[in-house]
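Trainee: I'm new to this one and would like a close look at a single part of it. Could you take me to where two chains meet, and then show me what sits around that?

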Amino acid sequence: MQPRKRQTIGEWIFKASLVLSGGLIVAVLGLMCLTLLTHAWPSIVALKWKFVTTNTWDPITSTFGAEAFVIGTLLTSLLALFISLPFSLSVSIFLGEYAQRGILSEVFKAMINMLAGIPSVIYGFWGLFVLVPWIRTFQIWVGIPPFGIGIFTAALILALMIIPYAAAIGRDVIAMVPNELKEGAYSLGATRMEVLLTIVLPTARSGLFAGTLLSFGRAIGETMAVTMVIGNSNLLPTSIFAPGNTMASVIANEFSEATNAIHVSSLIELALYLFVITAIINIIGKWIIQRTEVSHG
Amino acid sequence: MRTGHETWRQCKNNAFHGLIILFSAILFLPLAAIIFHILKNGLHVLSWEFLTALPKPMGESGGGVGNAIAGTLLLIVLSSLIAIPIGIFTGVYLSENTHGKFSHIIHVAVDMLQGTPSIVIGIAAYIWIVKPMGHFSAFSGGVALALMMLPVIIKSTEETLKRIPNTLKEAALALGAPYYRTMLQIIIPTGFQGILTGVLLGIARVSGESAPLLFTAFGNPFLNLNMNKTVQALPLLIFNYATSPYEDWQAYAWGSSCLLLIFILSLTLLTKAIRPQ
Amino acid sequence: MNPDILTIEHLNFWIADQHIVKDLSLSFPENTITAIMGPSGCGKTTMLRCINRMHELIENTRVEGKIKLSGENIFKLNAMALRRRIGMVFQRPNPFPTMSIYNNVLAGYILNGISLSRKEKDQIVQEALTQAALWDEVKEGLHRKGTFLSGGQQQRLCIARALAMKPKILLLDEPTSALDPKATAHIESLLMELKDTVTVIMVTHNIAQASRISNQTAFMYLGELIEHGTTERMFTVPKDKRTEEYLSGKFG
């Protein structure tokens, strides 16, 4: 009788721990949302819409208008997305269609994995010491103020960082396009390019869109590399070569030094927006990808 | 006329293929540049003293980053201790309950957690742990990193266990084994390699993170292995030293980058080697 | 014939609202081989799984009727205790990949937390492997992984794993369908020897196999037991037309 009783208890404990672990993940997420909201609340109440519609950010006078950071975030992320797209799409097509296996495919996969493995802070460090001087030379050459650092530099580094992520998703959705579809087109005498442009890419369209969306989500929240090369200016950027700040970089710069309660709260409000936006982007993106996986078997 | 058209189509086809390869291959340039600069500036900094000694005060030469290496290892241990059991158990739950409503909610939560910016996770850990305790600590950094590790471990555990044939579980249950022993002694060990892959990938992911440590582990110029106190970490040190105006410190940052990159790449290679086919 | 060790009385089984097994009654004499035949989807595997209550692993099922093991209703027993008394062998060989051959044989004890002395273990392993006609082939490498064996050897290891628990009944679900003819012959002769100590209930697709080794044959069709009897009678003078057609290879 004794061992059976022990087993029943073991069974119960095991099943309970499984449910508890899963529940913990859900609880952490819920709690994160709640904590950010309650700690951002003082700033939300005090500043209302002015928080995102005005652009004076001055902790000394307790003026907090984050418009410049919102614009900085959108500008760097969209620019990065725009720069990265031809590259990530090419790698996706190359790995998903031209070279699904073989040495060349392994080499490119290794490259993508290495790009994905480099820590953010190293991208920022390299950007600051190598890319910034290059950009400065370029800026002198075209005759604009040679900041070096700024929105454009941050976008370049960001582009490099999101390419592996977008390419990994893109490769999967392109490789998932059913062979029968492609063979149907080949049997009508189409060339590989024609099959790609008329069959493969349109079929993988929604998956590629999801990949782009998810990379955008990545870019919005990326912190360290951007913080190191964007110039940390709280003013509204005047051009894409001007220094600026993103929502994430301003948190990284000011949070540990913020003493004023409303300053802390307004930084947390920025974190709350980052959390909500990336959460929505992730849910939509993953949902689209899951749907394509199901429809392609 | 007809053949001319065919040749033109073929040309376009080849040009397109070339363009795809060209755009893909261009990415080797920045990768090579990053690796080149890190090796060029960092490799000669690496020495026994660099790996073991503590940083010297400003103006004195020598010293090393022993505190950051120890700190990074401490943070990895702390976050692994938290994330591995919870991650594996959640993965087991998801692989066992594929269609339930609760599983669906957990899936969404895991996806959200994976997409949450690391700086936001840092803020959450700050509010949850640093604020009530009244001081920065290695423990709060470990919690922040654990949150970043969890999705990786959960997903690889779930995928691995889903691939194990159901008959293995049936065979154990048919021997009269209770469910928990079947899972703990047969199913989880069978998926060990896949789960380990996930754990190593999780470690590789967090060992380069600095944003979640800014307001938690905070950094510390001295050697510390007490999880209740602040601790230095390699990525934090790179950030602080890289943005400093002193050339000695910048050299340390290059050396640390080199070390961190070698560590992460070897972890990734190890993952490749043990990944089940 | 021997007295019955297992009796199924009016067994009904549903998955959701699908009626899979319909009012089935059948008894199994001790130390004999019963072959259960029928076209795929006739409910024979489901019926077999009810005997050691493996059907409970599937959600949304309902069972009615009684199955008596030596007079006890199995649905009143503890499921795990019941499964320890009834061995089961599956379609595909499934030795535990993380365990050595030695531990695979002892898996039933290990997984139930039953501690044994070194001597007891050695004895159980040797006995079970000998019974499963595998001892001579593996005795030199007992601590190698079971997955390195050939398919036929793996299946015999799975039989040894079941026999190690000293069951009174051995359930086999198409045990040779994944094996080559030579390995199949080996398993068949092994089963003939085993019936001196255990009662064998085997689901099979292979008509020739049933005729070669079973004492009793039962024929199921669309969830119903059409007829059963000694194998000799079933193959020579089947009463039902459907049995005759199936056994002569006209369908299925």
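Mentor: Sure, let's start with the meeting of chains A and B: 65 residues of chain A are in contact with 66 residues of chain B. On chain A's side, the biggest giver is helix 1 (residues 2-47), which puts in 18 residues. Sort the residues of that side by class and you get 44 nonpolar, 18 polar and three charged. Keep in mind as we go that this is a predicted model.

Now step back to chain A as a whole. Its secondary structure amounts to 12 helices and two strands. Read from the N terminus, the order is α-α-β-β-α-α-α-α-α-α-α-α-α-α, so to speak a pair of helices, a pair of strands and then helices to the end. The C-alpha trace of chain A spans about 80 × 70 × 35 Å along its principal axes. Of the 297 residues in chain A, 48% are buried. And if you take the contacts in chain A with a separation of 6 or more, 75% of them link residues 24 or more positions apart.

Next, hop across to chain B and find helix 11 (residues 234-242) and helix 12 (residues 247-274). Their axes come within 8 Å and cross at roughly 150°. An angle over 145 degrees counts as roughly antiparallel, and helix 11 of chain B and helix 12 of chain B are therefore roughly antiparallel to each other. Their crossing is left-handed. To see who touches whom, pick out Leu234(B), Pro235(B), Leu237(B), Ile238(B), Tyr241(B) and Ala242(B) on helix 11 of chain B. Facing them from helix 12 of chain B are residues including Trp249(B), Tyr252(B), Ala253(B), Leu259(B) and Leu260(B), along with Gln250(B), Ser256(B) and Ser257(B). By class, this contact has 11 nonpolar, three polar and no charged residues.

Last stop, chain C, where you can look at a pair of strands. Strand 1 (residues 4-15) of chain C and strand 2 (residues 18-29) of chain C run antiparallel, joined by eight bridges. For a landmark, find Leu6(C), which stands opposite Phe28(C) in strand 2 of chain C. Follow the chain round and you'll see that the two strands form a hairpin with two residues between them. One to click on is Ala16(C) in the turn, which has a positive phi of about 55°.

How values were computed. Residues numbered from 1 in each chain as written. Chains lettered and ligands numbered in written order. Predicted model: local features only at pLDDT ≥ 70, side-chain atom pairs only at ≥ 80, totals over all residues. Helix = DSSP H or I, 4+ residues; strand = E, 2+ residues; numbered from the N terminus. Buried ≥ 20, exposed ≤ 12 C-beta atoms within 10 Å, placed from the backbone. Contact = placed C-beta atoms within 7 Å. Axes fitted to C-alpha atoms, helices over the stretch in contact; angles between N-to-C directions. Parallel < 35°, antiparallel > 145°, perpendicular 65-115°, else oblique. Left-handed = near helix turned anticlockwise from the far one by under 90°. Nonpolar A, V, L, I, M, F, W, Y, C, P; charged D, E, K, R; others polar. Pairing = 2+ DSSP bridges.
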